[in-house]
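Student: I would like to go through a model step by step. Can we do it as questions and answers?

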Amino acid sequence: MNPSQREVPRPVPAATRRRSTRARWVLATSIVLALLAVLGGGLRAEAPPVLAVIVHPGVPATTLGAAELASIFTRATRSWKDGSPIRPLNLPPGTPERAEFDRVVLNMSPDRSAQYWIDRQVRGDEPAPKAIAKADIVARLIPTLTGSIGYVPADKVDAKSRVVARIRDGKVVAP
Amino acid sequence: MRLACVAAWASTFLLLAVVPAGAQDTTAGATPAEAAPTIESLRAEIREADARQAQEIQRLKDEIAQREVEASVAHEREAAEHERLLRVYGFADFGIMRTIAPKDAMVASEFTTPLTFYLGRLNLYYDARPDPDFRFLAETRLTLYPNGTSAGVSSTGQVIQTSTAVGDISSPNASATVTWGSIILERAVLDWSRYPLFSVRAGLFLTPFGIYNVDHGSPTLISMTLPSYLSQNWIPARQLGVQIFGSYPIAPWELGYALTVSNGASDGILDLGDSKAYGGRLFIRRQGELSLTLGGSLLYQPYRQDKDQFGMAADGSLTYTVTRVVERTGLTLGGDLSVDFRGFRLRSELVMYQVNYTAGKRALAAQDINGGYEPDMRNVNWYVVAAYRVWRLEPYLLSDLTKVSPVQATLDTAWGLGGGLNVYLRSNVIVKLNWAHAMFFKQNDPNDTASRQNFDTFVGMLVWAF
């Protein structure tokens with residue numbers, strides 16, 4: 001190669017350098033955001049659902065407050081006033097209804113709730129209430145299961161169950 | 001006339017026969033434009049048929065969905081009714097570890113490990129509630145032990161490793177070998193829990209003392225570094241006996257207690273020294289975004305060791321004498337604090353252990369090669385672990401301080417410092433990285449023999465609960 005033909009590095013214009021730096025920042029930010037989305041499972045900004053806490057019609061309770069619900073759903077209270085066993089039914093972790101119920105009634109975030117039940121399981125305490133896959137099934141199941149209690153979106157309640165509380169605007173209110 | 005009629009009928013018949021069908025319709029009075037199917041009419045018919053078909057498909061879909069819900073309801077109802085017949089769940093961990101050797105030869109032989117993978121815990125729980133008032137819970141730990149553990153030192157000073165390798169005689173390959181492992185029974189209890197305030201537990205249970213011993217599982221513990229009071233066996237990790245426990249809610253708080261009577265610190269599984277241990281725990285806690293537990297624990301454990309001896313009397317008859325060779329009382333007192341607030345977690349315990357021997361019935365000192373006896377002692381251990389979780393990362397720091405009294409030959413203070421990082425890949429899958437540095441001190445130690453026992457441990461593990 002003729003030395004005269006050798007390429008001489010040309011000075012990069014300042015504007016090009018700025019564009020290159022900006023592109024790197026955009027790329028790095030995109031990668032970080034993509035990682036956050038993958039690891040974080042995506043961000044959701046949905047309005048919290050209005051929930052109705054329903055019981056089997058044979059349950060000896062007409063209204064339940066936040067403290068009573070918390071005691072039932074942490075398995076501290078295991079029987080109704082007449083001595084019959086309580087069968088609490090949960091919705092699966094990750095559903096908006098479960099997150100809202102845990103937040104309002106148990107005062108726990110989804111992470112805290114998950115850790116709470118793992119800790120209890122390891123310690124040998126009563127395990128978490130049974131999780132039912134869909135609210136439709138909970139609404140249909142409770143009228144047929146003695147001693148059961150669960151929560152569903154308010155629009156899924158039918159006349160076969162008894163509403164003992166509602167969860168609205170971050171509060172437990174009377175039915 | 002007759003002929004004329006026949007002719008008229010015949011002509012009419014012929015006329016009808018030759019008239020085309022369309023002419024018949026025409027004669028009926030209908031217009032061709034109204035009767036003939038047009039493209040539009042055919043399209044309309046097709047649209048109607050499509051709509052009917054769509055309705056039918058939707059009806060069938062609704063019916064299938066309805067049946068599926070009904071089947072799910074039936075399935076879930078049956079599962080809920082039989083949920084507590086038997087549930088199996090557990091946790092496991094697998095890791096890599098490295099312990100940097102201390103200078104002290106005796107300690108080095110006990111604690112040195114090269115960089116090595118290890119199978120930590122594979123604990124399975126068997127949980128059954130055959131009756132609403134009764135619950136059975138067993139927890140087993142499947143291990144590879146005792147294979148590879150130290151079996152002592154030979155007369156030539158060589159450390160002997162345990163090998164459980166045996167020929168696999170059921171294998172078609174005659175030279176095949178297998179190594180057998182073992183099962184550790186962590187607990188096996190039957191609870192009667194008719195009343196939350198008064199429940200009874202019988203069997204082999206984890207000693208309800210403090211925080212760490214009951215948390216005991218890698219998914220729950222912040223740090224895997226064992227507090228000194230447990231590594232030094234100031235309490236037995238589990239006891240065989242009866243426990244009464246309960247709690248009373250005072251919203252948002254819960255007041256709870258546990259009382260135990262057990263075989264205590266007996267040798268083996270029976271209380272051969274007739275020395276029952278008595279313990280208790282009282283705690284108050286609240287749950288929620290701010291979870292707080294304050295507790296106090298106590299365990300009184302006398303220990304007696306007898307020597308059984310057969311002999312021959314002067315008359316030639318067989319004699320059997322029981323001589324008490326060791327007799328002591330042990331008292332362990334502890335206070336604990338547990339705080340969870342948003343991402344912050346704190347665990348701390350302060351434990352005091354006092355041992356008093358009966359005169360003339362002291363045990364031989366375990367680590368005294370000169371054949372000395374164990375002194376009366378009062379030891380104190382305090383540890384604190386603080387962690388803060390940000391997103392899925394939970395860094396933490398720990399400190400574990402132990403004061404030994406009276407001053408042992410080799411140390412009077414042990415201090416463990418460490419830290420680590422827990423990475424929550426999922427709520428039930430965690431990567432745990434742990435470092436601990438153990439330091440030992442002794443007053444008036446011109447040769448600095450205590451610090452020769454210092455060592456470091458690095459552990460990385462993958463933990464999952466299932």
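The questions below go through a predicted model of two chains, A and B.

Student: In what order do the elements of chain A run from the N terminus on?
Tutor: Chain A holds five helices and six strands. Written from the N terminus on, these elements run α-β-α-β-α-α-β-α-β-β-β.

Student: In what order do the six strands of chain A lie in the sheet?
Tutor: The sheet is open and its pairing is mixed. Strand 2 of chain A pairs in the parallel sense with strand 4 of chain A, and strand 2 of chain A also pairs in the parallel sense with strand 3 of chain A. The full order is 3-2-4-1-5-6.

Student: Which strands of chain A stand at the edges of that sheet?
Tutor: The order of the strands in the open sheet is 3-2-4-1-5-6. An edge strand has a single partner strand, so one of its sides is left without a neighbour in the sheet. In chain A this applies to strand 3 (130-131) and strand 6 (171-173).

Student: Which residue in strand 4 of chain A is the bridge partner of R87(A)?
Tutor: Strand 2 (residues 87-90) and strand 4 (residues 148-153) of chain A are joined over two bridges in the parallel sense. P88(A) stands opposite I149(A) in strand 4 of chain A. For R87(A), the bridge partner is S148(A).

Student: And which residue in strand 3 of chain A stands opposite N90(A)?
Tutor: Strand 2 and strand 3 of chain A pair over two bridges, again in the parallel sense. Opposite N90(A) stands A131(A).

Student: How far apart should the end C-alpha atoms of helix 4 of chain A be, and how far apart are they?
Tutor: Helix 4 of chain A has 14 residues, and the reckoning uses 1.5 Å a residue. The expected span is therefore 20 Å. The model agrees, since the end C-alpha atoms are separated by 20 Å.

Student: What do the buried residues of helix 4 of chain A pack against?
Tutor: The buried residues of this helix are R112(A), S113(A), A114(A), Q115(A), W117(A), Q121(A) and V122(A). Within chain A, they pack against helix 3. From chain B, they meet strand 1 (87-100), helix 6 (212-215) and strand 20 (455-465).

Student: Which residue follows helix 3 of chain A with a positive phi?
Tutor: Helix 3 covers residues 96-106 of chain A, and its buried residues include F101(A), V104(A) and V105(A). After helix 4 of chain A, G124(A) takes a positive phi of about 90°. After helix 3 of chain A, the phi is near 60°, and the residue is N107(A).

Student: Which helix supplies the largest share of the side of chain A that touches chain B?
Tutor: In the model, 31 residues of chain A are in contact with 32 residues of chain B. On the chain A side, helix 2 (66-73), helix 4 (110-123) and helix 5 (135-141) each supply at least two residues. That side divides into 14 nonpolar, eight polar and nine charged residues. The largest share, nine residues, comes from helix 4 of chain A.

Student: What share of the residues in chain B is buried?
Tutor: Chain B has seven helices and 20 strands. In chain A, buried residues make up 33% of 175 residues. In chain B, with 466 residues, the share is 24%.

Student: Is Y320(B) buried or exposed?
Tutor: Y320(B) belongs to strand 14 (residues 318-341) of chain B. A residue with 12 or fewer other C-beta atoms within 10 Å counts as exposed. Y320(B) has 8, so Y320(B) is exposed.

Student: Which residue takes a positive phi in the hairpin of strand 4 and strand 5 of chain B?
Tutor: These two strands run antiparallel and are joined by two bridges. One bridge pairs S150(B) with Q161(B). Five residues lie between the strands, and the one with a positive phi near 90° is G157(B).

Student: Where in chain B is confidence lowest?
Tutor: The mean pLDDT of chain B is 87, and 89% of its residues reach 70 or more. Over residues 17-30 of chain B, however, the pLDDT is below 50. Where pLDDT is low, the predicted coordinates should not be read in detail. Confidence is lowest, at a mean of 46, in helix 2 (residues 21-28) of chain B.

Student: What ipTM does the predictor give the complex?
Tutor: The predictor gives two values for the complex, one of them a pTM of 0.80. The ipTM is 0.80.

Notes: Residues numbered from 1 in each chain as written. Chains lettered and ligands numbered in written order. Predicted model: local features only at pLDDT ≥ 70, side-chain atom pairs only at ≥ 80, totals over all residues. Contact = placed C-beta atoms within 7 Å. Helix = DSSP H or I, 4+ residues; strand = E, 2+ residues; numbered from the N terminus. Nonpolar A, V, L, I, M, F, W, Y, C, P; charged D, E, K, R; others polar. Buried ≥ 20, exposed ≤ 12 C-beta atoms within 10 Å, placed from the backbone. Pairing = 2+ DSSP bridges. Expected span 1.5 Å × (residues − 1). pLDDT = per-residue confidence, 0-100.
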